[in-house]
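Visitor: I'm new to this one and would rather see one part properly than rush past everything. Please pick a spot, start there, and work outward.

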Amino acid sequence: MLGASALLLALALMVVRFLQLSWPVWKAHGLGWIVGTHWAPAEGIFGALPFIVGTVVTSVIALVIGTPIALGTALFVSEIAPAKIRRPISDLIDLLAAVPSVIYGLWGIIVVLPLLQPVEQFLADSLGRFIPIFAGPPSGTSFFAAGVVLAIMIVPTISAVTREVFVTVPQDVREAAFALGATRWEMIRYGVLPPAQAGIVGAVILGLGRALGETVAVLLLIGQIPSISKSIFSGGYSMASVIANEFGQSQEPLHLQALIAIGLVLFVVTVLMNIFARLLVGRAKA
Amino acid sequence: MAASFEISNLSAWYGKRLAIEDISLSVEPNQVTALIGPSGSGKSTLVRCLNRLHELLPGARAEGKVILDGENIYDDAVDAVSVRRAVGMVFQRPNPFPTMSILDNTIAGFKLNGRKPKAELQEIVERALTAAGLWDEVKDRLSAAATSLSGGQQQRLCIARAIAVQPEILLMDEPCSALDPVATLRIEDLIMELRERYTIVLVTHNMQQAARVADRTAFLLGELAGDPGRLIEIGPTKKIFTQPEDKRTEGYITGRFG
């Protein structure tokens with residue numbers, strides 16, 4: 001209780017300090033700059049929307065791709081894999097969760113990007129004709145590339161946590177399902193997943209947190225273009241990566257203050273997406 | 001409707017350890033067959049071989065013949081899932097699905113494998129819960145969580161869940177071991193009623209329970225520590241408890257060991 005209060009207080013102080021430091025930006029542009037679409041610090045134009053869009057889009061792509069893979073991996077380890085290989089696979093996943101993100105970023109540029117080119121081209125040629133978010137031409141570094149590498153980064157996180165959750169489901173319940181003539185998949189669907197639901201959500205939110213805040217890997221893969229595009233195959237920018245990239249290079253006070261303000265927005269977006277994720281689950285449960 | 005088991009030369013292993021060895025016995029239709037014996041004598045292992053649940057544990061396997069409806073359930077062509085659909089089971093500890101309501105637990109057997117119930121759902125639920133002696137207690141709160149019931153009620157719910165899909169045989173693995181004496185008596189009464197329609201195999205560590213409810217009783221024993229369980233003798237319950245043929249059975253029922 002005391003710890004939680006202390007944490008909340010620290011968070012509140014941080015928000016206040018950020019607000020204080022970035023105050024000139026809010027004073028000059030009101031709240032409007034948050035939805036501004038143009039970012040040109042040299043000309044004194046600050047619009048945060050391209051970064052917000054970039055952060056949200058890459059994170060959503062990461063979750064859409066990563067969550068099923070992570071759950072599948074965790075289920076394989078806890079329900080399907082022979083006892084002998086469970087331990088090595090779990091250890092490997094835990095190891096992957098601990099790899100520094102800059103390594104994932106470099107690996108993404110050198111290895112994943114070339115592999116993604118044909119996939120992007122194919123999606124653009126097929127789905128891209130009807131659905132604008134898949135429209136081509138693919139640009140190499142893009143929302144999609146960043147999202148895919150983010151997915152790879154959050155899979156170990158989500159997978160490691162959900163595996164622990166699945167392990168806590170009592171063996172009794174599995175046997176109840178099997179004894180009623182459930183196949184393994186039916187046992188998982190009715191016996192393991194329902195009691196694990198809350199834990200799965202927690203794991204996904206943890207993964208989402210990592211995706212939203214990821215800086216270096218996204219910086220390397222997103223293309224660093226502060227513009228909003230309809231297609232996920234275009235280049236973009238994200239909140240965390242623009243802060244990391246521009247903070248050290250600028251002398252302009254308003255520019256620096258705008259970057260701090262973006263940090264504040266990132267914090268708020270993270271909290272909002274967490275709340276949204278929880279609401280979504282609350283509704284699914286009811 | 002009620003079926004029988006013809007078990008011959010059944011052995012089962014956990015990894016390399018032999019748990020039951022060369023067991024042959026028959027389970028007669030519409031009778032309660034009790035399996036008694038000290039801990040480690042393989043009673044639970046034997047009963048878990050009768051619906052092929054045993055083999056789901058890592059490294060576990062079984063060999064031998066178990067004839068159900070003229071078919072060996074260990075035949076290569078037989079699917080374990082279909083065996084488990086025909087043979088219901090109730091476990092030591094009540095194990096309702098924790099996130100499901102009383103209603104959903106009762107019809108879980110249908111939901112799990114997408115089987116369409118033959119009769120109306122309402123009818124099935126009422127019939128199963130009535131047969132399990134639970135209907136009057138829960139009929140007004142079918143949508144309540146199964147975990148809101150008492151332990152004895154949960155166990156009767158598990159019995160309802162097992163018989164809702166109308167199995168041919170019901171296996172009960174020490175169904176009262178986690179229950180208080182009153183709840184235990186209710187389950188025993190229930191077993192006597194269920195015998196009218198089902199064939200029941202009852203594992204129990206409680207000899208009085210076997211004496212009260214079983215038509216036939218089988219005594220299993222692993223003689224030395226670590227020995228696999230073997231069938232010592234099987235016969236009408238009365239005979240086993242009054243004039244056992246084997247000295248070891250007599251020793252066990254008179255409380256000299258076990």
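**From one tyrosine outward**

Guide: Let's start with B:Tyr14, whose bridge partner in β4(B) is B:Ala60. Before we go on: this is a predicted model, where local features need pLDDT of at least 70, side-chain atom pairs count only at pLDDT 80 or more, and totals for chains, interfaces and linings use all residues. Residues are numbered from 1 along each chain as written, chains are lettered from A and ligands numbered from 1 in written order, and side-chain values use heavy atoms, without hydrogens or water.

B:Tyr14 has a second partner too: in β2(B), B:Arg17 stands opposite B:Tyr14. Helices (H or I, at least four residues) and strands (E, at least two) are DSSP runs, numbered from the N terminus. Strands pair if DSSP finds at least two bridges between them.

Now follow the strands. Strand β1 of chain B covers residues 5–14 and runs antiparallel to β2(B), with 7 bridges joining the two. β1(B) and β2(B) make a hairpin with 2 residues between them, and in that turn B:Gly15 has a positive phi of about 60°. With β4(B), β1(B) shares 8 bridges, again running antiparallel. Strand β4 of chain B, residues 60–68, then pairs with β5(B) in the antiparallel sense over 2 bridges. One match there is B:Leu68, whose bridge partner in β5(B) is B:Glu71.

Put those strands together and you get an open sheet of 4 strands in chain B, in the order β2-β1-β4-β5, with antiparallel pairing. β2 (17–27) and β5 (71–72) of chain B are the edges; each has a single partner strand, so one side of each is left without a neighbour in the sheet.

Chain B has another open sheet to visit, with 6 strands in the order β6-β7-β8-β3-β9-β10 and mixed pairing. Its edge strands are β6 (87–90) and β10 (230–236) of chain B, each of which pairs on one side only. On average, neighbouring strands of this sheet are turned by 15° against each other, direction ignored. For angles like this, axes are lines fitted to C-alpha atoms (for helices, over the stretch in contact), and values run from 0 to 180 degrees between N-to-C directions.

At the β6(B) edge, 4 bridges tie β6(B) to strand β7 of chain B (residues 169–173), and the two run parallel. B:Val87 has B:Ile169 in β7(B) as its bridge partner. Helix α7 of chain B (residues 151–164) lies across β6 and β7 of chain B, at about 175° to β6(B). Helix α8 of chain B (residues 181–194) packs on the sheet as well, touching β3 (32–36), β7 and β8 (199–203) of chain B, and its direction makes about 150° with that of β8(B). Contact here means heavy atoms within 4.5 Å.

Next, the neighbour. Chain A comes to 11 helices and 0 strands, and its C-alpha atoms fill a box of roughly 70 × 55 × 35 Å along the principal axes. 25 residues of chain B are in contact with 18 residues of chain A. Between the two chains, about 1800 Å² is buried, with carbon and sulfur atoms giving 66%; that area is the accessible area (1.4 Å probe) two parts lose on being put together, summed over both.

There are 3 salt bridges between chain B and chain A, each being a side-chain nitrogen of Lys or Arg within 4 Å of a carboxyl oxygen of Asp or Glu. One pairs A:Glu186 with B:Arg85, the closest N and O atoms being 3.9 Å apart. A:Glu186 sits in helix α8 of chain A (residues 184–213) and B:Arg85 in helix α2 of chain B, so this pair joins two chains. Another links A:Glu175 and B:Arg48, with the closest N and O atoms 2.5 Å apart. On the side of chain B that touches chain A, α2 (80–86), β6, α4 (108–112) and α7 of chain B each supply at least two residues. The largest share of that side, 4 residues, comes from α4(B).
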